[in-house]
Amino acid sequence: MGTPGGFAYRVDERGTVTITHHGRPAGTLRGGAAARFLAAAEKGGDPQLLMAKATGNYKHGNERQARDHARNRGR
C-alpha cells in the first residue's frame with residue numbers, strides 16, 4: 001500500500017477542521033475530534049496519514065485479497 005497523499009486541512013475561527021483531498025471536501029472534524037487531530041498534527045505525526053485515517057480513507061480491508069489475486073502474484 002502506498003503512502004497517502006493529496007490531503008490538506010484548514011481550521012476556521014470556531015476550531016472546525018475541514019479536510020480536503022485533491023481540493024474536494026473529504027471530511028469535517030468538530031469538537032474533541034478536531035482537538036485530537038490538531039494535537040496529533042502538532043506532535044509531529046505524518047499529517048497525510050493522520051488525515052487519511054480521520055476521513056476513513058485508510059485500509060479498506062481488502063489488502064490481503066488483492067495481494068493474493070492472480071494478477072498480483074509474483075510481485
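I'm calling a residue buried when its relative accessible area is under 20%. Worth jotting down before anything else: this is a predicted model.

**Q48.** I looked up Q48 first and found it in helix α2, residues 47-55. Buried or exposed? Its relative accessibility is 18%, so Q48 counts as buried. I then checked where its side chain goes: it reaches the backbone oxygen of F7 at 2.9 Å.

**The core.** F7 turned up again in the largest nonpolar core, which has eight residues: F7, V17, I19, L29, A34, F37, M51 and A52. β2 (17-21), α1 (31-43) and α2 each give at least two residues to this core. A general note to self: nonpolar side chains tend to be buried together in soluble globular proteins. I also listed what L29 touches beyond four places in sequence, and V17, I19, A34 and F37 are among them.

**Helix α1.** I counted 13 residues here, with 18 Å from the first C-alpha to the last, close to the 18 Å expected. Which residues of α1 are buried? I got A34, F37 and A41. They sit on the same side of α1, because they cover an arc of only 65° around the axis. On the other side I found G31, R36, E42 and K43 exposed. The buried residues pack against β1 (7-11), β2, β3 (24-29) and α2. Right after α1 comes G44, with a positive phi near 110°.

**G56.** Last, I went to the loop between α2 and α3 (63-68), where G56 lies. G56 has 46% relative accessibility, so I put it down as partly exposed. Its C-alpha is 8.9 Å from that of G27, though the two are 29 residues apart along the chain.

Conventions: Residues are numbered from 1 along each chain as its sequence is written. This is a predicted model: local features need pLDDT of at least 70, side-chain atom pairs count only at pLDDT 80 or more; totals for chains, interfaces and linings use all residues. Side-chain values use heavy atoms; hydrogens and water are left out. Helices (H or I, at least four residues) and strands (E, at least two) are DSSP runs, numbered from the N terminus. Buried means under 20% relative accessible area, exposed over 50%, partly exposed in between (1.4 Å probe, protein chains only). A polar contact is a pair of N or O atoms within 3.5 Å; within protein, one must be able to donate a hydrogen and the other to accept it, and residues adjacent in sequence count only if both atoms are side-chain atoms. A nonpolar core is a set of buried Ala, Val, Leu, Ile, Met, Phe, Trp, Tyr and Cys residues joined through side-chain atoms within 4.5 Å. Contact means heavy atoms within 4.5 Å. The expected span of a helix is 1.5 Å times one less than its number of residues. The arc is that of the directions from the helix axis to the C-beta atoms.
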